[in-house]
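Hello,

Here is the structure I promised to pass on to you. Please open it alongside this message, and my notes follow below.

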Amino acid sequence: MSVAADLRRLLRGPGSRDFRRLYAVRLVSQGSDGVFQAGLAAIFFFSPERATDAAGIAAAFAVLLLPFSVVGPFAGVLLDRWSRRQVLVAANAARAVMVLGVASLVGSGVEGGALYGSVLSVLSVNRFLLAGLSAALPHVVDADELVIANSVSTTSGTMAALVGAGLGYGVRTLAAGSDVAVLLVASGGYTLASLAARRLRRDQLGPDDVPAMAASEALGHVARGLADGARHVTGHPLAWRALTVVAVQRVWYGLSTVMTILLARNVFNDPADTSAGLASLAVIFAASGAGFLAAAVLTPALVPHRVAPATYVGALLLAATLAQVVLGPPFLEPLVVLTAAVVGLTAQGLKICVDSVLQHAVDDSFRGRVFSIYDMTFNVVFVGAAAVGALVLPPSGRSLPVLLLIGAANVATAAFVLRGGLPRERDLGALEVPSTA
């Protein structure tokens, strides 16, 4: 079944209205994320005033991503106690206002702590949105459609972000290189996402059977809530094994990302030519997006009906190994573009499978906390990989040993997956577990 057919099935099937509304929130929200991130890429990675090297990129990723590990626990606990619909409404509205503040600072030429703090505020709120969208999905689709819904929703969200990034690049070009114009468009998009979320009922997205709790009381339970979520994960071997798969995958993905940015800026183009560097990165990301789209077509067609998640993900990881080890060493832009497509297919196919496994294997009352831990894993490991890149990558980004290290990480992950890291059975419904709360 094609991704278009999957999407039609979800959008037009019985009871599909609620999915359509949540899907619209995801598309508009993540599309606006793409616009905002295009502005950040220009400001932090491709500004001719900044001599970007691996250490500088790692530092930027640390500032922009690592604090999510602080916000993540609060997001998870609150998402398991507050109306998730209200979180989607309020968080998008808050981001719209915050981005206006970032635009004001950029327009005034402010840098340093004030700018980083404002950007961090926007990105921290994003933790509520992404974890909330994942935790809410089982409330708008049937259990036997979760794999298809995850494939369509997460891949469409990623594609929306890529389209948004392209829109941001286009706005910047038309506005004569104005980053402020890009940020204003992002703010407008977040406003539309907040309005779209209001079309859902207040109690529609869960959490189920959880009494209302005041903010101060909920925040006071963060530590206990995190501990409960961690125990829930460790008490379900399939859940922690799936998170381990994600963690290892993010190591090589982080190294690849740092290498790609360095190549696009310092090898494929004149480092002083911001527009050319961004254009190269846009082409590479577009190729990665094509891989995401291919994953959306292949994954629900094959998993779990024809092949088990372990078999599918293991094959993807081995394909990524071949692509990076064979196509990578010449460090030529066309070959990097082709490699990005295969890596995108692998990363998105793996993510769709892990999302579905976690949604089946944990209780709804814990999903917010589990997906927040999921997000924390994404960010901490990615930043750690970027830090490793700062130590081992030259300013050009060219490094055969790092490519071989990435290949070894792929092979190790594939071996773990095939030995039980993900389900070797095709019946995901059998993963349903009783509550251990």
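**A salt bridge at the surface**

Asp-203 is exposed, since its relative accessible area is 60% and the cut-off for that class is over 50%. Please keep in mind while reading that this is a predicted model. The partner of Asp-203 is Arg-201, and the closest N and O atoms of this salt bridge are 3.7 Å apart. Arg-201 itself is partly exposed, with a relative accessible area of 46%.

**Salt bridges with buried partners**

How many salt bridges does the count come to? The count is five, and two others caught my eye.

One of them joins Arg-95 to Asp-33, with 2.8 Å between the closest N and O atoms. Arg-95 belongs to helix H5 (residues 84-107) and Asp-33 to helix H2 (residues 17-45), so this pair ties together parts that are 62 residues apart in sequence. Are these two residues buried or exposed? Both Arg-95 and Asp-33 are buried.

Another one is formed by the side chains of Arg-172 and Asp-179, at 2.7 Å from N to O. Here, too, both Arg-172 and Asp-179 are buried.

**The protein as a whole**

Stepping back, you will find 16 helices and zero strands in the protein. The chain has 437 residues, and 58% of them are buried. Take the contacts between residues at least 6 apart in sequence: 86% of these join residues at least 24 apart. The protein exposes about 16,600 Å², and 66% of that area is supplied by carbon and sulfur atoms.

**Two residues and their contacts**

Two helix residues illustrate contacts between parts of the chain that are apart in sequence.

Gln-348 sits in helix H14, which covers residues 333-361. With a relative accessibility of 3%, Gln-348 counts as buried, because buried means under 20%. Which residues does Gln-348 touch, once those up to four places away in sequence are left out? They are Thr-154, Thr-155, Thr-158, Phe-292 and Ala-295.

Val-381 is found in helix H15 (residues 364-392). Setting aside neighbours within four places in sequence, Val-381 is in contact with Ala-247, Arg-250 and Val-251. You could also look at Trp-252: Val-381 and Trp-252 are 129 residues apart in sequence, while their C-alpha atoms are 9.7 Å apart in space.

**A nonpolar patch on the surface**

The last thing I would like to show you is a nonpolar surface patch of about 450 Å². Leu-322, Val-325, Val-326, Leu-400 and Leu-404 make up this patch. Two elements give two or more residues to the patch, namely helix H13 (309-327) and helix H16 (400-421). Which helix gives the most? That is H13, with three residues. Leu-322 is placed in helix H13, and this leucine is exposed, with a relative accessible area of 59%.

If you want a short route through the model, start at the salt bridge between Arg-201 and Asp-203, go on to the buried pair Arg-95 and Asp-33, and finish at the nonpolar patch that includes Leu-322.

Happy browsing, and best wishes!

Conventions. Residues are numbered from 1 along each chain as its sequence is written. This is a predicted model: local features need pLDDT of at least 70, side-chain atom pairs count only at pLDDT 80 or more; totals for chains, interfaces and linings use all residues. Side-chain values use heavy atoms; hydrogens and water are left out. Helices (H or I, at least four residues) and strands (E, at least two) are DSSP runs, numbered from the N terminus. Buried means under 20% relative accessible area, exposed over 50%, partly exposed in between (1.4 Å probe, protein chains only). Contact means heavy atoms within 4.5 Å. Accessible areas come from the Shrake-Rupley method with a 1.4 Å probe; for residues, only the protein chains shown count as cover. A salt bridge is a side-chain nitrogen of Lys or Arg within 4 Å of a carboxyl oxygen of Asp or Glu. Patches are made of residues with over 30% relative accessible area and no salt bridge: like charges are joined within 9 Å, nonpolar side chains (Val, Leu, Ile, Met, Phe, Trp, Tyr) within 5 Å.
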